[in-house]
Amino acid sequence: MNNLNPKLFDKDVQTAGTRDGYGQALLELGEKNHDIVVLTADLAESTRVEEFGKKFPERFIECGVAEQNMMGIAAGLALGGKIPFVSSYAVFSPGRSWDQLRVSVCYTEANVKVAGAHTGISVGPDGATHQALEDIAIVRVLPNIVVEVPCDAIEAKKTTLAAAAHKGPFYFRFGREKTPIITTDDAPFEVGKAQVLKDGDDATIVACGPLVYQSLLAAKQLEDKGINVRVINNHTIKPIDTLTLAKAAKETGAIVTVEEHQITGGLGGAVAEALVKNYPVPMEFIGVQDTFGESGNTDELYEKYGMSTDAIYKAVQDVIRRK
Amino acid sequence: MEEKLPKNPISEQKLAEIALDIREDIIKTLVEAGSGHSAGPLGMADVFTALYFHILNIDPQNPTWKDRDRLVLSNGHIAPVWYVTLANAGFFPKEELLTLRKINSRLQGHPHFGSLPGIENTGGPLGQGLSQAIGMALAAQMNHQKYQIYCLMSDGEHDEGQVWEAVLFAGKYKMHNITAIMDRNNIQIDGMTENIMPLEPIKDKYEAFNWHVIEVDGHNFEEIIDACNMAKAIYEKPVMIIAHTIPGKGVDFMEFDYKWHGKPPKPDEAKLALKELRSLKGRIIGEHE
């Protein structure tokens, strides 16, 4: 295990929302860089930008429930030299503001950062309307933009700092629930560089977001059965780390992708695209299977929609049989 | 703020001559491109002339000067009048106009930020410009810069919901450093605006959203310039100048006809159009055939 929280597998593992990492990073950035501007569309508290608004009111813009206008304003701010962070739920932004993201931000190469909150089926009780399962697909298809999926609050903080340092459009997504702290403050983080969290030769789990935790749990259970699985935290969906993925395909001969998103167009699609060209091996895909979600609690939904630790455990065994 | 260009007084007569040159160049550019929009560019030639040759605080030799006024074109499909005006103002060589819509050109069918000096925004998909302009205006306010942002919009694009999100926002935040100008030519692709989706009473709508509205004849330089000066002086509200224009202005067979919204003249039509424009200038028609 590499650079992992030593208490990761304890029952009382510390948890925090990835969105909390975002809010903390913005406060830090706001102190250091006066060009940081934060926008929200009537979701200041739940996207965790409320504190920034209190501390830096002159650089906090409440847009009302108007995501298209918010994205356009962010583009204009960027053209005026600012570094705007657009904060809303991903179903609304980029869900509703995709045309503005495409034209005003990506084609313009405006230095805009888009934070999509409440992603994945784990959004839970709010139901399918509010569970963003398509945002990775609709953003990664656009040129000129980086797509990141942090796995825990610590990585979310690092991602936010990296977004500010990166020149150009940048998208990153968060979950709603508190999820286990997987990494450490000292763990290396670099945009475009996937991390091998656990070594192994029998198969590789390539995961992103909070489901990295379930992936590590499944790998641990498989180890007890004598199956050594490599686990990769593929936090950057675009540009994807083809080198690390192809190396894993070559050395382990089988891949399982794990994500809280539609398989089509998401991490699974991105990894398949990279490997088919460079080192094709049997693959299994854990994620949402071309369906909408529903209300429920996180564990129930993971179970029903096939993203539980058990589902990952089974998918690894399935893919190994196909080697 | 640094005052780069002391404004030399320019006569209305001179502005009219420049506008005629711009209309001629629009026809030449469009016929060479073989596709593009005719009515809007011709209709807005006087507004663009007034802006680039009198109103805007700009320096064509230094197009990224940080305190320059910004012009955001929301209805990007009238790009030909922007390109022609920029070339005539000295932002890039006029010969390049003939590359419009061709491969490897800096003159894209719809404006692309970063491709060409003087282009301040990417536009085309309607309804996005006012939001972009608001962002620029907020950045200017945060940076304590005094430049003005001029946002040119079409009437037809007011069908888009995003426009009204932006209008609501600008009213709330009293965006005094934005001057919006609407090309009120009453046409859109499928027909007359009042038949496709009625906008009237458009002045009342803006006023209800806490904007100040000035209506002008979009072919009268004095009215355009006075309205822009007044807009800059009004501090407590954003200003919308509704410029009533004639689509296809200057070319008789194009004027008022929505069918010229989205197509260029064919070579024989272009010849006729140029003949008309030149005769208006008082030249001998035969000289130019």
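**Figure 1. Helix H6 of chain A and its surroundings in the predicted model.** Of the 13 residues that make up H6(A), eleven are buried, so this helix is largely enclosed by the rest of the structure. The buried set consists of A:Ala153, A:Ile154, A:Glu155, A:Ala156, A:Lys157, A:Lys158, A:Thr159, A:Thr160, A:Ala162, A:Ala163 and A:Ala164. The helix covers residues 153–165, and the distance from its first C-alpha to its last is 19 Å, close to the 18 Å expected at 1.5 Å a residue.

**Figure 2. The two domains of chain A and the contact between them.** Chain A is divided into domain 1, which runs over residues 15–180, and domain 2, which runs over residues 195–321. Their C-alpha centres lie 25 Å apart, and the contact joins 27 residues of domain 1 to 29 residues of domain 2. On the domain 1 side, the elements that give two or more residues are helix H5 (135–140), strand S6 (146–148) and strand S8 (178–180) of chain A. By class, this side of domain 1 has twelve nonpolar, nine polar and six charged residues.

**Figure 3. The contact between chain A and chain B.** Chain A brings 24 residues to this contact, and chain B brings 21 residues. On the side of chain A that touches chain B, helix H3 (67–79) and helix H4 (98–107) of chain A are the elements that give two or more residues. Of the elements on this side, H3(A) gives the most, with nine residues. The chain A side divides into ten nonpolar, nine polar and five charged residues.

**Figure 4. Helices H5 and H6 of chain B, side by side.** The axes of H5(B), residues 129–142, and H6(B), residues 161–172, come within 8 Å and cross at roughly 30 degrees. Angles under 35 degrees count as roughly parallel, and H5(B) and H6(B) are therefore roughly parallel to each other. From H5(B) the contact is made by B:Leu130, B:Ser131 and B:Ile134, while H6(B) contributes B:Gln162, B:Val163, B:Ala166, B:Phe169 and B:Ala170. Sorted by class, the residues of this contact are six nonpolar and two polar, with no charged residue.

**Figure 5. Helix H1 of chain B and the glycine that follows.** At 1.5 Å a residue, the 22 residues of H1(B), numbered 12–33, should span 32 Å, and the end C-alpha atoms are 31 Å apart, which agrees. Within this helix the residues B:Ile18, B:Ala19, B:Ile22, B:Arg23, B:Asp25, B:Ile26, B:Ile27, B:Thr29, B:Leu30 and B:Val31 are buried. H1(B) is followed by B:Gly34, which has a positive phi near 80 degrees.

**Figure 6. Two cis peptide bonds in chain A, each leading into a proline.** Most residues other than glycine have a negative phi, and most peptide bonds are trans. The bond from A:Ser93 to A:Pro94 is cis, with omega near 20 degrees, and A:Pro94 is found in the loop between strand S4 (83–89) and H4 of chain A. A cis peptide bond also joins A:Lys238 and A:Pro239, where omega is about 0 degrees. A:Pro239 has its place in the loop between strand S12 (236–238) and helix H8 (242–252) of chain A.

**Figure 7. Two loop residues of chain B with positive phi, B:Asn210 and B:Phe256.** Although B:Asn210 is not a glycine, its phi is positive, at about 70 degrees. This residue is found in the loop between helix H8 (202–208) and strand S6 (212–217) of chain B, and with 15 C-beta neighbours inside 10 Å it counts as partly exposed. B:Phe256, likewise a residue other than glycine, has a positive phi near 70 degrees. The place of B:Phe256 is in the loop between strand S7 (239–244) and helix H10 (267–280) of chain B, and with 16 other C-beta atoms within 10 Å this phenylalanine is partly exposed.

**Figure 8. The loop residue A:Gln289 and its contacts.** A:Gln289 lies in the loop between strand S14 (283–288) and helix H10 (298–304) of chain A, and with 12 C-beta neighbours inside 10 Å it counts as exposed. When neighbours within four places in sequence are left aside, A:Gln289 is in contact with A:Ile263 and A:Gly306. The C-alpha atoms of A:Gln289 and A:Lys225 are separated by 28 Å, the two residues being 64 residues apart along the chain.

Definitions and conventions: Residues are numbered from 1 along each chain as its sequence is written. Chains are lettered from A and ligands numbered from 1 in the order in which they are written. This is a predicted model: local features need pLDDT of at least 70, side-chain atom pairs count only at pLDDT 80 or more; totals for chains, interfaces and linings use all residues. Axes are lines fitted to C-alpha atoms, for helices over the stretch in contact, and angles run from 0 to 180 degrees between N-to-C directions. Helices (H or I, at least four residues) and strands (E, at least two) are DSSP runs, numbered from the N terminus. Angles under 35 degrees count as roughly parallel, over 145 as roughly antiparallel, 65 to 115 as roughly perpendicular and the rest as oblique. Two residues are in contact if their C-beta atoms, placed from the backbone, lie within 7 Å. Ala, Val, Leu, Ile, Met, Phe, Trp, Tyr, Cys and Pro count as nonpolar, Asp, Glu, Lys and Arg as charged, and the others, Gly among them, as polar. The expected span of a helix is 1.5 Å times one less than its number of residues. A residue is buried if 20 or more other C-beta atoms lie within 10 Å of its own, exposed if 12 or fewer, and partly exposed in between; C-beta atoms are placed from the backbone. Domain bounds come from an automatic or database domain assignment.
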